[in-house]
Amino acid sequence: MTKIKSVEYFRVPPRWLFVKITDEDSGVGWGEGSLEGHTGLYLILRILDAYTARIVGMEAELLNESGDIEHIWQLLYRFGFYRGGPVMVSALFGIDIALWDLKARKLGVPIHQLLGGKVRSKLMVYAWIGGDRPDDVEIQAKGRQDQGFKVVKMNATEDVGWMDTPSALDSCVERLKAVKNLGMDAGIDFHGRIHKPMAKQLAKLLGPHRPMFIEEPLLSENIQG
């Protein structure tokens, strides 16, 4: 019976965190536990320390049944009195994905075959271009277009006050227009930077130019907004 030998985690700038689980037979599984923000990543590392101490030495043979991966998930989720939240769940996801990957590699199949099969054979993707500075948007978008992308995502605004003047929103419209003039589509990410009244104004100004989507117009804590 092989046991889980080690759990390692690797922080990759600027925001990614990968988890590697190795068993005593040198079987390996990889997972991702990334979370936006440096503070969040630091906290995830500390939680992974606690989770690692809990699962190292457990019988890796248990992974021959998918229900045992669920058992480990439940064990870690119920590990403490306080549960859930983006930090704890991101750490848990890193381990959970790594366990499924370890199992899939042992069986010689892709993970999606263990989880019900793949949903599609291809999908459209977009590329990030930043967009904080209006003068760079067209150049960055053209660079992505040359790489074969048809859609980009960019910041809705540059540095803007929580409550600013309506004219401060004009540059956002101009950036979207610059991308559309290249024959590309664009998604707009607000990052929760502005207040509800200004978000409403900006969404209205962007409407005629048909952004592909508007992301996070308000902070996630503003549920009613």
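## Exercises on a predicted model

Of the contacts (heavy atoms within 4.5 Å) in the chain with a separation of 6 or more, 63% are between residues 24 or more positions apart. The model is predicted, so local features need pLDDT of at least 70 and side-chain atom pairs count only at pLDDT 80 or more, while totals for chains, interfaces and linings use all residues. Residues are numbered from 1 along each chain as its sequence is written, and side-chain values use heavy atoms, with hydrogens and water left out.

**Exercise 1.** State which elements give two or more residues to the largest nonpolar core.

*Solution.*
- Start from the definition: such a core is a set of buried Ala, Val, Leu, Ile, Met, Phe, Trp, Tyr and Cys residues joined through side-chain atoms within 4.5 Å. Buried means under 20% relative accessible area, exposed over 50%, and partly exposed in between (1.4 Å probe, protein chains only).
- The largest core has 25 residues, and Ile21, Ile44, Ile55 and Ile95 have the most contacts inside it.
- Helices (H or I, at least four residues) and strands (E, at least two) are DSSP runs, numbered from the N terminus. The contributing elements are strands S1 (4–12) and S2 (16–23), with helices H1 (38–55), H2 (66–77) and H3 (86–107).
- H3 supplies the largest share, eight residues.
- A separate second core has 21 residues, including Val152, Met154, Met184 and Met198.

**Exercise 2.** Identify the residues in contact with isoleucine 21, leaving aside neighbours within four places in sequence.

*Solution.*
- Among them are Ile4, Ser6 and Val7.
- Gly27, Val28 and Gly29 also belong to the list.
- Ile55, Ile95, Ala98, Leu99 and Leu102 are further contacts of isoleucine 21.

**Exercise 3.** Decide whether threonine 52 and phenylalanine 10 are buried or partly exposed.

*Solution.*
- Threonine 52 is placed in helix H1. Threonine 52 counts as buried because its relative accessibility is 12%.
- Beyond residues up to four places away in sequence, threonine 52 touches Val7 and Tyr9.
- Phenylalanine 10 lies in strand S1. Phenylalanine 10 has a relative accessible area of 34%, and therefore is partly exposed.

**Exercise 4.** Compare the span of H3 with the expected value.

*Solution.*
- The expected span is 1.5 Å times one less than the number of residues.
- For the 22 residues of H3 this gives 32 Å, and the end C-alpha atoms are 31 Å apart, which agrees.
- After H3 comes glycine 108, with a positive phi near 75 degrees.
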